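Let's take a walk through this model together. Have the sequence and the coordinates open, and follow along one region at a time.

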Amino acid sequence: MVDDVFTSPDDVAERLAAVRYLTDTATATTVYLAAALEKPLLVEGPAGVGKTQLAKAVAEATGAELIRLQCYEGLDEARALYEWNYKKQLLRIQAASPDTAWEQTHDDIFTDEFLLTRPLLTAIRRSEPTVLLIDEADKTDVEVEALLLEVLSDFQVTIPELGTVSAVRRPFVVVTSNATRELSEALKRRCLYLHLDYPTPEREREIVLAQVPELAPALAEQLVRTAATLRTLELKKSPSVAESIDWARTLLALGLSDLDEAAIAQTLGVVLKHNSDHARASAELRLPAR
Ligand SMILES: Nc1ncnc2c1ncn2[C@@H]1O[C@H](COP(=O)(O)OP(=O)(O)OP(=O)(O)O)[C@@H](O)[C@H]1O
Ligand SMILES: [Mg+2]
């Protein structure tokens, strides 16, 4: 687990805030429990609400190394767990003297020296504090979940030629998902669950000001209120925290000091990325034509 284990949910909140990640009580408590119970943490929620950043912040706050497995369609064992270095094995076979018994060569080439470790195995074998981020797990095929299960429930990996590799020290595991598909019950059962949603305007204001300290607090206030209003509209893609932060940087760059209708109309492309969303927001907020 992480080196410097958290002592309480408040301790989690304080130490994450120190690395500019602001949590609410539910998030801090779940992170605390995941660390204390040594259970993987499954974080689900819409895009851009800070799921990936949570894992990064925990790593930074605890001085652990972050090891990331980015999931995608077609991800397989060779990319997630380990792979044998065939080229090197072939060279060894060619270099072996002709009278070496095949059993001997076979034993030689299935050793650690010929193993290419991928994120899951790397994380399991580390003796230093580690945060293992399994990012966007819903993007993989169901078969990959089976691979994850062994790692997440027993913190071990079985390599047929080598045997079972058990964790020297359990990593703090964060699995994120946008819920584009349901993850299996088996996977969920092994994890603690946290649903991250858009923050309240008060918290989002703090987040924006933590990331963009140069922004005037009153402008930050206007910004998060507008973002909250936009999220009530039925948009294809609601603005996320990431977009609010971009918006703040944009206002600074343009030297705008008031987020009035004209300013919103001018900068809407930073927050809304679909033409139909623009049209809807412009109509609902009665923005002047650009
Ligand atoms: N609670 C928070 N405190 C500080 N920054 C935050 C917080 N939540 C989100 N952010 C900021 O929002 C940005 C987006 O967060 P992140 O990339 O973690 O989103 P995500 O939920 O992983 O999105 P996606 O589903 O698209 O991967 C980050 O750059 C981060 O700085
Ligand atoms: Mg992410």
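Between which domains does the largest pocket lie? Before answering, keep in mind that this is a predicted model. The protein chain is divided into domain 1 (9–81 + 118–195), domain 2 (88–114) and domain 3 (201–285). Domain 1 and domain 3 both give residues to the lining of the largest pocket, so the pocket lies between these two. As for domain 2, its C-alpha centre and that of domain 3 lie 61 Å apart.

Now let's look at the pocket itself. The largest pocket has a volume of about 670 Å³. It is lined by 32 residues, and the closest of them to its centre are Y21, G48, V49, G50 and K51. If you prefer to navigate by secondary structure, look for α2 (25–37), α3 (51–62), β9 (192–195), α10 (201–211) and α12 (241–254), the elements that give two or more residues to the lining of the largest pocket. Helix α3 gives the most, with 4 residues. In chemical character, the lining of the largest pocket is a mixture: 13 of its residues are nonpolar, 11 are polar and 8 are charged.

Let's stay with helix α3 for a moment, since T52 has its place there. Is T52 buried or exposed? With a relative accessible area of 19%, T52 counts as buried, because the limit for that label is under 20%. Leaving aside residues up to four places away in sequence, T52 touches R68, L133, D135 and T176.

Our last stop is the cysteines. How many disulfides does a search of the whole structure find? The search finds 0. Take C71 as an example: its closest cysteine sulfur is in C191, and that sulfur is 12 Å away, too far for a bond. Looking from the other side, the sulfur of C191 has its closest cysteine sulfur in C71, again at 12 Å, so a bond is ruled out by distance. A disulfide would need the two sulfur atoms to be within 2.5 Å. Burial can be read off for both residues too. C71 counts as buried, at 2% relative accessibility, and C191 is also buried, with a relative accessible area of 9%.

To put the pieces together, you can return to the pocket between domain 1 and domain 3, and pick out α3 as the element that gives the most to its lining. From there, T52 can be found in that helix.

Key: Residues numbered from 1 in each chain as written. Chains lettered and ligands numbered in written order. Predicted model: local features only at pLDDT ≥ 70, side-chain atom pairs only at ≥ 80, totals over all residues. Heavy atoms only, no water. 1 Å grid on protein atoms, 1.4 Å probe; cavity = no way out; pocket = protein on both sides within 12 Å on 5 of 7 lines; lining within 4 Å. Points joined across faces, edges and corners; volume = space filled by probe spheres on them. Nonpolar A, V, L, I, M, F, W, Y, C, P; charged D, E, K, R; others polar. Domains from an automatic or database assignment. Buried < 20%, exposed > 50% of the residue type's maximum accessible area, 1.4 Å probe, protein only. Contact = heavy atoms within 4.5 Å.
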